[in-house]
Structures are given as structure tokens and as C-alpha cells.
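Reader: Got a minute to walk me through this one? I'd like to start with the sheets and then move on to the ligand.

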Amino acid sequence: MAKNKNKNDRQTNLSNTKLETNKKCFLKDGVLEYYGSLTVGELANALKIQASDIIKKYFLKGIIYTINSNLDDEIIGEICIDNNIDFKKMVENEANALSSILNLKDDPKELKERPPVVTVMGHVDHGKTTLIDTIRNSRLTEAEFGGISQEIGAYQKQCHGKLITFIDTPGHEAFTEMRSRGASVTDIVVLVVAADDGVMPQTIEAIDHAKAASVPIIVAINKIDVPGANPEKVISELMKYDIIPEKYGGSNIFCEISAKKNIGIDNLLENILLEAEMLELKANPNRYAYGTVLEAKLDKGEGPKATFLISNGTLKVGDYVVVGSTYGKIRRMTNDLNQIVTEAIPSMPVSVIGINEVPQAGDHFFALDNEKLAKEIANDRKLRLEEESRKSNNVSTLDELYDKVKEGELKNINIVLKANSTGSVEAVKNAILKLNVEGTKINIIRASAGAITESDVLLANASHALIYGFNVRPDSNVRNKAIEEKVEIRLHRIIYALIEELESMLKGMRAKKEIEQYLGQAEVRQVFKASKIGTIAGCYVVDGEITSTSLLRVLRDGEEVYNGKINGLKRFKDDVKEVKSGFECGISILNFNDIHEGDIIEAYKMVEEEDNGRQN
Ligand code: GDP
């Protein structure tokens with residue numbers, strides 16, 4: 001359709017949407033459909049009544065409106081009812097525009113190969129930063145102008161005439177943070193493992209993250225220049241985590257490098273291109289751009305400044321953009337060499353100026369040719385975000401899961417499993433994998449021994465997973481992080497109970513039973529021996545409260561060492577009913593004296609479960 005081609009000849013089917021009419025409300029078959037808020041004038045116009053009638057009516061009620069006053073939803077509804085008209089607020093404004101942009105099918109003929117986007121991950125000190133810098137510096141010597149802009153957050157490197165985009169921030173925190181915001185920009189993960197150190201905890205975490213995101217892993221065995229480096233040991237260690245080289249029948253590419261001495265880097269780059277070729281990464285430069293914000297900040301001189309990574313399309317100076325809940329017009333763009341550019345094509349990082357507010361890293365952006373629409377969508381998003389943050393306090397992840405499973409919307413449940421020993425990890429994992437409820441599937445995206453950590457919460461959040469703790473507990477920091485990230489932590493001591501809960505969830509049923517209700521945690525600061533009572537723990541309540549009827553568990557390094565009843569709760573010499581967070585107290589535990597300084601005493605009670613309440 002000629003109408004759908006704009007003057008730059010980039011495709012957009014936005015002009016097909018009803019929003020293009022720039023109207024905020026429509027009266028159709030006796031129903032007023034609207035979005036955002038309406039002014040008295042707009043509503044009167046849509047309902048074909050006099051604005052002065054609305055103003056008069058509310059004046060008599062003591063509310064003063066002018067023709068330009070914004071009406072809230074309640075009043076809009078009231079006025080519609082008064083006029084015998086049904087009403088419906090649309091939230092699809094943004095969705096309409098977005099889906100018409102994102103779902104715009106690219107003509108296969110328009111698709112062109114695009115550079116892969118690479119993130120470097122691995123354990124601390126294994127050489128991630130050195131690798132990124134070595135590649136960056138070789139880019140620098142290639143570049144004839146200036147230096148590489150340090151602030152852009154990504155750069156492109158050429159290899160045999162092809163480009164590779166490297167994300168500057170190494171490590172899985174940034175990767176997870178982006179994913180948890182729904183932004184998956186990485187096509188390939190380069191996993192750096194130091195040959196003199198081998199597989200370490202963050203190596204495994206990085207593998208979990210890459211796998212959860214279904215991103216292929218290329219292993220860079222680093223520091224091969226160090227005497228005693230043992231690449232074969234790294235290979236055999238990684239095989240335990242299903243990272244298997246092609247020579248052993250696996251699908252992972254392994255490269256031996258020295259990031260510091262610049263050995264094997266070209267080979268690594270060639271292999272990245274090889275992997276990219278297999279992924280057949282393509283994009284259509286001939287459409288309006290969309291992509292992700294990598295970094296953003298307020299520049300003193302230039303105002304809000306953001307780095308965009310283009311996923312698809314071409315971004316041009318002069319385009320209007322919606323970015324998260326803000327919008328703007330691209331005034332200036334610079335590439336990773338700080339050069340001014342007028343266009344940015346797929347997989348290219350560019351620093352842009354012209355957005356009205358500072359967006360957040362991980363926000364999506366899309367370009368369009370209509371400023372008014374860009375502004376409306378951004379405003380709608382802002383309103384919705386505010387609404388969501390108001391509602392979010394009572395979101396219960398497990399409840400939502402139950403509902404989704406019940407309604408058949410959800411077939412796969414992701415789980416992060418933590419247990420007190422490798423033996424119990426295996427036992428619980430095997431029991432879970434044996435669960436067989438037709439049409440559903442459980443993916444265990446991490447299973448490891450040890451306390452529940454913030455990294456588990458981040459992974460669960462990014463992958464919409466539940467965390468299951470078996471004989472391990474989160475400390476109060478992790479618990480708070482989980483609440484903040486809206487991640488559900490389920491805690492069990494008996495495999496059977498854990499399996500039963502999962503099974504009933506898969507069947508979309510809610511089992512009613514007694515569950516634990518968390519009360520609070522106290523830190524043991526001193527230990528006293530009293531001849532009659534036994535050991536008394538001098539404690540400081542760090543979260544919630546401890547009561548004189550609590551059930552207690554004693555945690556050491558996140559693991560439960562005892563579970564039982566409270567014997568006595570004292571403030572100074574007096575017995576008390578409860579001690580709240582921020583106060584000291586003495587706690588003795590029935591039949592348990594092996595309390596250590598630094599232990600955490602957690603108080604809980606058993607309650608009849610309603611609607612499958614949360615345990616954390
Ligand atoms: P990161 O924490 O993974 O980003 O690790 P860094 O890049 O900061 O490297 C940690 C240390 O290892 C630094 O002292 C580097 O100089 C050193 N290093 C990195 N790569 C190599 C290498 O290939 N060979 C040797 N000998 N040292 C390296």
C-alpha cells in the first residue's frame with residue numbers, strides 16, 4: 001500500500017491503526033471506548049452532548065470544571081451512565097501501536113544479515129575485562145579518528161569484513177538485569193574461564209543464565225600463557241555442566257586465548273562469526289527501528305542521553321521515538337568512535353540525544369513518524385507503570401502461577417532449586433523430574449547446594465521462576481530482595497511435601513494444608529550458659545518479631561541446624577510476649593543448647609493455609 005510507505009520509504013503499518021486518527025475516544029454501538037484521560041470537551045464531543053451541560057451539572061455538585069479539565073475514570077463513567085452509554089477504557093493504545101510495529105512482518109526479501117551481539121561472562125578475575133579491553137584496543141588501532149567512546153556501553157569490532165557487537169559490561173549481573181526487564185539483547189555468550197583456576201561458582205552461574213536465556217555459549221579458555229595452565233582440566237570440568245566441545249560430540253565452541261598477551265583473539269572472533277552464521281541472524285534495515293536501551297544518563301550539557309542497541313530497522317536523525325515511558329525526537333547520534341552518524345542499522349550501538357527524560361537501561365524503544373502518537377504512548381505507559389507499582393504490593397507469584405496453570409495459559413514452570421547438600425540436590429531434582437503431569441513441564445534452571453542467595457533471586461526473576469529451598473533458608477536480605485523482585489520462595493523439609501505441592505500446582509489445584517508463616521529473624525550476638533535453663537542466646541532482632549509462642553529454627557550459613565520450640569523469651573530479666581525488630585532479647589530453645597554466635601534464629605508459626613499463602 002502506497003499509504004504505508006513514508007517519505008523515507010521505510011515500512012510502517014502504523015498508519016493502519018485507529019490511533020493514527022489521533023482520537024482518544026470513539027463511540028461505537030452505544031459504547032464509549034477511550035484511553036488515557038479525557039477532557040470535558042473531548043468527552044462531550046464524543047458523546048454528542050454539550051460541554052456546558054457537564055460543567056453545569058458538576059458545578060451544582062461543587063466541582064468546578066472548564067472545557068479543558070481532565071476527567072478521571074470515575075467521572076467519565078458517571079457521565080456515560082447519565083447518558084445511557086456504556087464505557088470501556090482501552091489500555092491497548094500502546095499495545096496496538098507496539099504490536100503493529102513489532103509484529104510488522106518483515107518481507108524475507110528485505111532481510112539482511114546482521115552482526116551478532118556478544119556478552120562476555122565468567123568468574124571474577126578470569127579476565128573478562130582484559131578480553132573486552134584487548135578487543136576494544138585493537139579496534140582503536142583500526143580506527144583512524146579520535147578514540148572509542150567509553151560511555152556508549154558497547155562497541156563493534158571488525159573481523160574479515162564482518163562486524164561483531166560487544167556489550168561492554170561483563171558478567172551476568174548486567175545480563176540478568178536486562179533480562180529481568182524483558183530485554184534479551186545477547187545473541188552469543190563468551191564464557192571466560194581461566195586455565196589456571198578452572199570452573200568456579202560464577203562460571204556455573206553464568207552457564208545457568210546463558211542456558212535460561214537459551215543463548216549459545218562459546219568458551220574462551222583464558223590465561224593459557226600462565227605456567228601450569230591446564231585447558232584440558234577446564235574442558236572436563238565444563239562437561240559436567242553440559243558444555244561439551246564439538247570434538248566430544250557436543251555443540252560448544254572452545255577457544256584457547258590469552259587476553260593479556262593477545263593470543264588466540266582472532267581465532268575467537270572468527271569462531272564468534274561462525275556461531276553467528278549458524279544462528280542466521282537477520283534484520284530488516286528498511287523499516288522503523290526498535291531495540292533496547294543499554295545505558296542512559298543525564299548529561300550536564302546535552303540533557304538526557306542514551307545508548308540504543310538497534311534490534312531491527314534503521315534509526316535516523318529526525319525520527320520520533322518512544323523509549324520506555326518517555327519519548328522524543330532524535331536530534332543527534334554518535335557511534336562507538338564518537339563520530340556523528342545520521343543512521344544506525346541493526347546491531348549497531350548509538351548514543352542518542354533528543355529524548356525528553358532519562359530512560360532506564362533495559363527499556364525498549366521504537367521509532368515512528370508521528371510525534372503526537374509517540375507522546376500519547378509514552379504518557380499511557382507512564383500512567384500504567386504508576387498503576388502497576390500501586391498494585392504490585394499484593395501480587396502473589398505462586399497464586400498467579402496457579403491461576404495461569406489452571407487456565408491452561410502456562411505449561412512450563414521454571415524452578416531454581418537450592419538444597420543443603422549435593423546429595424539432597426540430586427534426590428530432590430530426580431524426584432521433581434519424575435513428576436509427570438500431562439501437558440506440563442518443569443524446567444529446573446538451577447540446582448545447587450547452599451543457601452538461597454541474591455543471585456538465585458535475580459535468576460528466578462529473570463526467568464519467571466519459583467525458588468524451592470530444601471532444608472535451606474534465605475537470610476533477611478535475600479528474603480527482602482525476593483519480595484522486592486516479586487520472586488516466590490517455597491521452603492520445604494520433606495521431599496514428599498515438596499513434590500506434592502508441585503504436582504498439585506501442575507494440575508492447577510490448590511491444596512489446603514497447614515503452612516508456615518514467617519514471623520521474624522534474630523541474630524545471635526552472644527551465648528551464655530545458665531545452669532538451670534541451658535544455653536541462652538543473646539540476640540538482636542533483625543527482622544519482624546520473635547514471640548514467646550514461636551516455633552524456631554536455627555540457621556548457620558543459611559542452613560538449618562535445628563528446628564524446634566522456644567523455651568523462653570526475655571528482655572533484660574523479664575519474660576516478654578514479643579520482641580520486635582531493632583531490639584535485643586534473650587532466647588532459649590527447648591532441648592537445644594548448641595547455639596553459636598552468628599547463628600540466625602528464625603521464628604515462625606503454623607497456620608491453616610488459605611488460597612495457598614506464601615511462606616516467605
Ligand atoms: P575480570 O574480573 O574477569 O574482569 O578479570 P580481569 O580482566 O580484571 O583480569 C584479572 C587479572 O588477570 C588481571 O590482573 C589481568 O591482568 C589478569 N589476566 C587477564 N587475562 C590474562 C591472561 O590471558 N594471562 C595472564 N597471565 N593474566 C591475565
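Author: One term before we start: two strands pair if DSSP finds at least two bridges between them. Also, this is a predicted model.

Reader: Fine. Which residue stands opposite L417 in β25?
Author: Y468. The two strands behind that are β23 (residues 412-419) and β25 (residues 465-470). They run parallel and are joined by six bridges.

Reader: What sheet has β23 and β25 in its order?
Author: An open sheet of four strands, ordered β24-β23-β25-β26. The pairing is parallel.

Reader: Which strands stand at the edges there?
Author: β24 (441-449) and β26 (489-492). Each has a single partner strand, so one side of each is left without a neighbour in the sheet.

Reader: And what does the twist average?
Author: 25 degrees from one strand to the next.

Reader: Now the sheet with six strands. What's the order?
Author: β8-β9-β7-β10-β11-β12. That sheet is open too, and its pairing is mixed. At the edges are β8 (154-159) and β12 (253-256). Each has one side without a neighbour in the sheet, because each has a single partner strand. The twist averages 30 degrees from one strand to the next.

Reader: In which sense do β10 and β11 pair, parallel or antiparallel?
Author: Parallel, over six bridges. β10 covers residues 188-194 and β11 covers residues 217-222. One bridge partnership there is V190 with I218.

Reader: Moving along the chain. How do β29 and β30 pair?
Author: In the antiparallel sense, over six bridges. β29 is residues 551-556 and β30 is residues 559-571. L555 stands opposite E560 in β30.

Reader: How many residues lie between the strands in that hairpin?
Author: Two. D557 takes a positive phi near 50 degrees there.

Reader: What else does β30 pair with?
Author: β33 (residues 584-589), antiparallel, over four bridges. G568 has S588 as its bridge partner in β33. Then there is β31 (residues 574-575), joined to β30 by two bridges and also antiparallel. In that pair, R571 is matched with D574.

Reader: What about the turn between β30 and β31?
Author: The two strands form a hairpin with two residues between them. F572 in the turn has a positive phi of about 50 degrees.

Reader: On to the ligand. Which residues come nearest?
Author: D125, K128, T129, T130 and D225, out of 15 residues around the ligand.

Reader: What classes make up that shell?
Author: Three nonpolar, seven polar and five charged residues.

Reader: Which helix gives the most to it?
Author: Helix α5 (residues 128-142), with three residues.

Reader: What about polar atoms? Where does T130 come in?
Author: An N or O atom in the T130 side chain is 2.5 Å from an oxygen atom of the ligand. For D225, a side-chain N or O atom is 2.8 Å from a ligand nitrogen. K260 comes in through its backbone: a polar atom there is 3.3 Å from an oxygen atom of the ligand.

Reader: How much of the ligand does the protein bury?
Author: 74% of the 570 Å² that the ligand exposes when taken alone.

Reader: Some single residues now. Is E110 buried or exposed?
Author: Buried, because its relative accessibility is 18% and the cut-off is under 20%. E110 lies in the loop between α4 (92-102) and β6 (112-113). Its side chain makes a polar contact of 3.3 Å with the side chain of N286.

Reader: And Q50, buried or exposed?
Author: Exposed, with a relative accessible area of 51%. Q50 sits in the loop between α1 (40-47) and α2 (51-60). Q50 and V40 are 10 residues apart along the chain, and their C-alpha atoms are separated by 9.5 Å.

Reader: Last one. Where is N271?
Author: In helix α9 (residues 265-279). N271 is buried, with a relative accessible area of 14%. Its C-alpha atom is 8.1 Å from that of C255, and the two residues are 16 apart along the chain.

Technical notes
Residues are numbered from 1 along each chain as its sequence is written. This is a predicted model: local features need pLDDT of at least 70, side-chain atom pairs count only at pLDDT 80 or more; totals for chains, interfaces and linings use all residues. Side-chain values use heavy atoms; hydrogens and water are left out. A residue is near a molecule or strand if one of its heavy atoms lies within 4 Å of it. A polar contact is a pair of N or O atoms within 3.5 Å; within protein, one must be able to donate a hydrogen and the other to accept it, and residues adjacent in sequence count only if both atoms are side-chain atoms. Accessible areas come from the Shrake-Rupley method with a 1.4 Å probe; for residues, only the protein chains shown count as cover. Ala, Val, Leu, Ile, Met, Phe, Trp, Tyr, Cys and Pro count as nonpolar, Asp, Glu, Lys and Arg as charged, and the others, Gly among them, as polar. Buried means under 20% relative accessible area, exposed over 50%, partly exposed in between (1.4 Å probe, protein chains only). Axes are lines fitted to C-alpha atoms, for helices over the stretch in contact, and angles run from 0 to 180 degrees between N-to-C directions.
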